[in-house]
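This report describes a ligand site first and then turns to the strands and sheets of another chain. Please keep the structure open while reading, so that each residue can be found as it is named.

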Amino acid sequence: MGQTSRHGRGRFAVALCALACALTLLAPTAAFGLTTNKATARPNEDGGSSVIGGLPTRLTWEGTVDEGEEVSSVTLVLPEGSSFDGTTTKVTVLEGLSRAQLEGEVKPATQSLVVVFSKPATAGLLLRLEVEGVLFPSEGGDVVVRGTYVNQNGEQDLAESKPIATIANTPLQALLASLDANPVVEAWNSSPFLGMFFKPQLLVTAFATLIPGWLLCLLIVCIAYPFAIILGLIFALMKISRNRLIRAIAIIYVNVLRGTPLFLQIYIMFFGLPMMNINIDNNVLGVIVIAINASAYLAEIFRAGIESIPPGQYEAASSLGMGHMMTMVNIILPQTIRRVIPTVTSDFITSYKDTSLLSSVGVMELMMFAKNLTSVSGNMTPYVAAAIFYLIVTLPLIKGVTIIEKRMARSERGGGPRPKVKAKTAEGVTGDPAEKGAEPSLVEALSAPFRPATTDIAGMGGVADVQ
Amino acid sequence: MFNKANGSRGFGTEARHVPPALDATEAALQAHERDKTLTKHHFEPEEHPCVRIEHLMKTFDGETRVLTDVNLTVWPGEVVCVLGPSGSGKSTMLRCINLLETPTAGHILIEDHEITGPLPIKEVNKLRQNLGMVFQSFNLFPHLTAKGNVMIGQTKVLKKSKEEAEVEALKQLEAVGLLDRADFKPAQLSGGQQQRVAIARAVAMHPDILLFDEPTSALDPELVRGVLDVMRDLAENGGMTMIVVTHEMGFAREVADRVVFMEGGVVVEQGKPDDVFDHPQNERTAQFLGSIG
Ligand SMILES: Nc1ncnc2c1ncn2[C@@H]1O[C@H](COP(=O)(O)OP(=O)(O)OP(=O)(O)O)[C@@H](O)[C@H]1O
Ligand SMILES: [Mg+2]
């Protein structure tokens with residue numbers, strides 16, 4: 001994300017320069033003038049190639065003295081927010097390839113830097129100023145070095161430099177800079193293992209860089225999963241259908257998908273569909289593949305869940321006169337959903353991790369970002385950061401599954417929260433429609449294991465019968 | 001499509017060498033004649049039986065013959081207790097009556113309406129609304145509260161409004177003494193309480209006939225009373241027609257209008273409770289009653 005816009009800015013800058021050059025060519029040039037050859041700044045981004053505002057960097061400025069000109073001093077001026085305070089400047093004057101016998105006295109002020117030469121610099125001399133410790137404006141942006149110089153005719157304007165692209169000094173950059181400067185971090189990084197897998201600076205950078213990938217992972221699995229659940233339910237019902245053909249279709253679907261690697265399914269979809277001239281956006285295709293793959297596993301989970309409901313439940317429903325669909329919707333599925341929640345959650349965790357395989361076909365998910373950052377930095381730390389991103393989601397879910405399983409085991413034994421015993425009055429018989437309905441809703445069924453125990457246990461009668 | 005309980009309707013390939021169901025009036029007269037000494041039921045003039053079982057046969061897997069030839073007539077408001085050793089086919093007969101099992105041959109008529117033979121599933125569901133069933137293992141819906149269990153049939157099958165169903169549910173729960181447990185889940189109730197909720201669930205549908213399959217067999221002895229009291233109340237004050245498979249001899253003797261003894265898939269003896277208990281005519285009945293004590 002950041003990278004692309006930085007490129008964009010660079011390209012924009014180049015375009016500006018080209019325009020500026022074109023303009024200079026067109027404009028009638030002065031009789032003579034000190035030409036600004038270049039003004040560059042050294043990248044100060046850890047592991048990157050950008051110049052960050054607000055952090056010390058080295059500014060290199062070069063100019064060539066024009067024919068017949070004698071330059072006695074040069075003043076560089078930076079935009080507001082910059083600072084030359086506390087800089088050290090190396091002044092080099094070159095005549096061809098050899099150093100000219102010319103000294104420069106440097107007087108840094110906040111926004112400007114004055115170099116006064118020991119004797120006027122004559123035509124053809126190359127003046128190079130290397131200023132260490134310059135701070136560019138911390139908000140970033142294109143920095144143009146301006147200034148003035150003094151020649152035999154008095155003070156002249158210096159030609160503007162090409163803009164130097166800088167990026168903003170975010171808290172992240174500040175943190176990185178402080179990590180760079182920290183001796184403990186340095187000692188830590190000097191250990192080959194820690195430095196290779198847990199380099200703090202890269203960890204910080206990776207966290208920032210991987211976020212879009214992480215979000216895409218979450219997005220893919222969160223969109224895919226509801227579809228997977230619906231598909232899974234359909235195939236589960238098909239699998240226990242009385243119709244042999246319907247059953248066969250479901251069995252083939254489930255077994256083929258469960259019997260082949262997801263990696264292969266991804267390849268077939270991502271390379272096969274385009275060959276058939278079906279072009280679907282990579283991310284959408286990722287969602288589709290994950291949904292289809294998960295649906296096969298969910299179908300098995302649901303089927304087992306439905307079959308685990310004792311036949312007495314069907315008989316009780318039938319004896320009330322419920323038809324088949326009614327029984328399924330009101331009696332069997334709500335119970336099934338409760339039973340399969342732990343398994344479905346585990347399967348969700350698997351699907352979430354499986355999105356990593358989509359990196360092999362160029363979906364810009366978490367692993368893809370980690371891979372890119374690792375190949376740029378030559379360090380394994382981004383993979384560790386990716387691992388942390390996976391764990392942020394999976395660990396709470398794993399914990400949640402454990403809690404739900406415990407709660408369900410307890411409630412099956414008859415434990416768990418109990419509602420308050422209502423006063424034994426006939427008033428209740430009049431009915432209280434406002435009261436929480438006894439209607440089974442899917443939402444209620446789904447949320448039941450997660451609902452906190454709000455009901456009062458105190459004052460409870462045991463299970464002993466009231467005689 | 002995959003409802004285990006519904007089974008496939010209609011008859012198997014087994015030959016049906018049983019006489020056809022009798023004409024309703026004729027049958028009522030004959031049954032009246034036969035039953036008048038066998039039951040404490042007070043017959044109304046020109047009363048028709050509400051359940052007529054004629055030559056009922058049921059085999060499983062085409063070989064194990066569980067019911068050989070069951071004949072039984074149940075009158076409106078009558079309480080019939082069915083006794084018999086384990087495996088004699090009591091449950092199977094009961095389950096045939098509300099078509100949880102498909103009879104292999106013979107006839108079952110509910111209110112003179114033949115239910116054996118191929119019936120559309122809508123008819124079957126309609127029929128079952130008139131036949132409440134209480135199971136040995138309660139079979140409450142564990143995801144619903146006691147009240148929810150009693151309401152669901154009313155709202156979904158009878159299409160009553162939630163408010164109406166709730167009023168009815170609370171009324172029935174009060175009748176079984178569980179108004180204070182209305183918001184409890186089945187897992188939070190004792191077996192006896194669960195069975196009483198199951199009875200309330202069946203009664204709330206206002207069926208014509210209630211079928212009980214050993215409703216107290218799964219209960220601890222101290223919980224049996226509460227359930228039997230509820231059933232006694234239904235029989236004596238509710239005037240409900242009941243067919244009760246039970247091993248509770250005391251209940252049968254006190255509450256039943258008629259006791260039916262089954263063995264090997266046939267009704268071997270039936271009669272007024274005192275007659276059967278005190279002077280069993282059949283040797284097997286005597287043996288069985290002796291062993292029960
Ligand atoms: N679905 C079935 N498939 C095969 N055989 C069955 C099935 N249901 C019942 N049976 C057999 O039918 C016979 C009678 O069973 P049933 O449950 O009707 O007996 P019961 O009189 O109710 O006995 P109990 O007092 O033990 O409940 C038993 O031998 C049983 O094994
Ligand atoms: Mg039985």
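Helix α2 (residues 90-97) of chain B gives the largest share of the shell around ligand 1, contributing 3 residues. As this is a predicted model, the contacts described here are computed from predicted coordinates. The complete shell consists of Phe60(B), Val66(B), Pro85(B), Ser86(B), Gly87(B), Ser88(B), Gly89(B), Lys90(B), Ser91(B), Thr92(B), Glu214(B) and His247(B). Sorted by class, these surroundings of ligand 1 comprise 3 nonpolar, 7 polar and 2 charged residues.

Several oxygen contacts of ligand 1 can be set side by side, with the partner atom and the distance given for each.

| Residue | Partner atom | Distance to an oxygen atom of ligand 1 |
|---|---|---|
| Gly87(B) | polar backbone atom | 2.9 Å |
| Ser88(B) | polar backbone atom | 3.2 Å |
| Thr92(B) | N or O atom in the side chain | 2.5 Å |

Ligand 1 exposes 630 Å² when it is taken alone, and the protein buries 59% of that area.

Chain A is the subject of the remaining paragraphs. Its division gives domain 1, covering residues 34-169, and domain 2, covering residues 201-412, and the C-alpha centres of these two domains of chain A lie 59 Å apart.

One open sheet of chain A is built from 5 strands in the order β1-β3-β9-β5-β6, and its pairing is antiparallel. Its edge strands are β1 and β6 (98-99) of chain A, each of which pairs on one side only. Within this sheet, β1(A) is joined to strand β3 (residues 56-64) of chain A by 6 bridges in the antiparallel sense, and Thr35(A) stands opposite Thr64(A) of β3(A). On going from β3(A) to β9(A), one finds 9 bridges between two strands that run antiparallel. Thr64(A) appears again in this pairing, where Thr64(A) stands opposite Leu126(A) in β9(A), while Thr57(A) has Val134(A) of β9(A) as its bridge partner.

A search of the whole structure, taken over all chains, finds 25 salt bridges. One of them is formed by Glu132(A) and Arg42(A), whose closest N and O atoms are 3.7 Å apart. Which parts of chain A does the pair of Glu132(A) and Arg42(A) tie together? Glu132(A) lies in strand β9 (residues 126-135) of chain A, whereas Arg42(A) lies in the loop between β1 (35-41) and β2 of chain A, so the pair links parts that are 90 residues apart in sequence.

Strand β2 of chain A, which follows that loop, belongs to an open sheet of 3 strands with the order β2-β13-β10 and mixed pairing. The edge strands here are β2 (51-52) and β10 (141-143) of chain A, and each pairs on one side only. The strands β2(A) and β13 (residues 164-167) of chain A run parallel and are joined by 2 bridges, with Ile52(A) standing opposite Ile167(A) in β13(A).

A further pairing in chain A brings together strand β7 (residues 104-108) and strand β8 (residues 112-121), which are antiparallel and share 5 bridges. These two strands, β7(A) and β8(A), form a hairpin in which 3 residues lie between them, and in their pairing Glu105(A) stands opposite Val116(A) of β8(A).

How values were computed:
Residues numbered from 1 in each chain as written. Chains lettered and ligands numbered in written order. Predicted model: local features only at pLDDT ≥ 70, side-chain atom pairs only at ≥ 80, totals over all residues. Heavy atoms only, no water. Near = heavy atom within 4 Å. Polar contact = N/O pair within 3.5 Å; in protein donor to acceptor, adjacent residues only side chain to side chain. Areas by Shrake-Rupley, 256 points an atom, 1.4 Å probe, with all protein chains shown as cover. Helix = DSSP H or I, 4+ residues; strand = E, 2+ residues; numbered from the N terminus. Nonpolar A, V, L, I, M, F, W, Y, C, P; charged D, E, K, R; others polar. Domains from an automatic or database assignment. Pairing = 2+ DSSP bridges. Salt bridge = Lys/Arg side-chain N within 4 Å of Asp/Glu carboxyl O.
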